[in-house]
Amino acid sequence: MTLLITVFSAVICTVVWYLSPKARSLKVGTLTLMYWGASLMWLVDAVAEYLEVRAEYFTPAPKDMLNDAYLGLSVTALGLVIWLVIVLVKDPNGVIKAALTKKD
């Protein structure tokens, strides 16, 4: 489930990054790379677990699926938080700088 959630997140971010010049200016490529990295990590984990338990890998318990879904959503949320911090620090459109230097 973690692999599925992170792959969907990576694909969605990749499509947004590819289709939108504004997304590229907002560093969505960084978010895309984080999600693809997480997907690769979960893929290696899935292969290692399959090699260990074989056919049982395809019949997980509902509790395990729920835990994996929670972990996948947590990783996705953490990636969004990291990306948001990067965007706020880099301030690619100068919005924060303009707000801070605005004179009344």
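**Burial.** I started with how much of the chain is tucked away: 22% of its 104 residues count as buried. I'm keeping in mind that this is a predicted model.

**Overall shape.** Next I looked up the radius of gyration, and I got 18 Å for the chain, against a value near 13 Å for a compact globule of 104 residues. I then checked the C-alpha trace along its principal axes, and it spans about 65 × 25 × 15 Å.

**Secondary structure.** I counted five helices and zero strands. Reading along the sequence, I noted the pattern α-α-α-α-α.

**Helix α4.** I picked out α4, which takes in residues 62-90, 29 residues in total. From its first C-alpha to its last I get 42 Å, close to the 42 Å expected at 1.5 Å a residue. Which residues of α4 are buried? I listed A69, G72, T76, G79, W83 and V87. I then asked myself what the buried residues of α4 pack against. My note says α1 (2-19) and α3 (28-53). Just after α4 I came to D91, and its phi is positive, near 45°.

**Contacts.** I looked at contacts between residues at least 6 apart in sequence, and 71% of them join residues at least 24 apart.

**Surface and charge.** For the accessible surface of the chain I wrote down about 7,600 Å², with 72% of that belonging to carbon and sulfur atoms. Last, I looked up the charges: the chain has 9 positive and 8 negative ones. The mean positions of the two sets lie 21 Å apart.

Methods:
Residues numbered from 1 in each chain as written. Predicted model: local features only at pLDDT ≥ 70, side-chain atom pairs only at ≥ 80, totals over all residues. Heavy atoms only, no water. Helix = DSSP H or I, 4+ residues; strand = E, 2+ residues; numbered from the N terminus. Expected span 1.5 Å × (residues − 1). Buried < 20%, exposed > 50% of the residue type's maximum accessible area, 1.4 Å probe, protein only. Contact = heavy atoms within 4.5 Å. Rg over C-alpha atoms; globule rule 2.2 N^0.38 Å. Areas by Shrake-Rupley, 256 points an atom, 1.4 Å probe, with all protein chains shown as cover. Lys, Arg positive; Asp, Glu negative; His and termini not counted. Charge placed at Lys NZ, Arg CZ, Asp CG, Glu CD.
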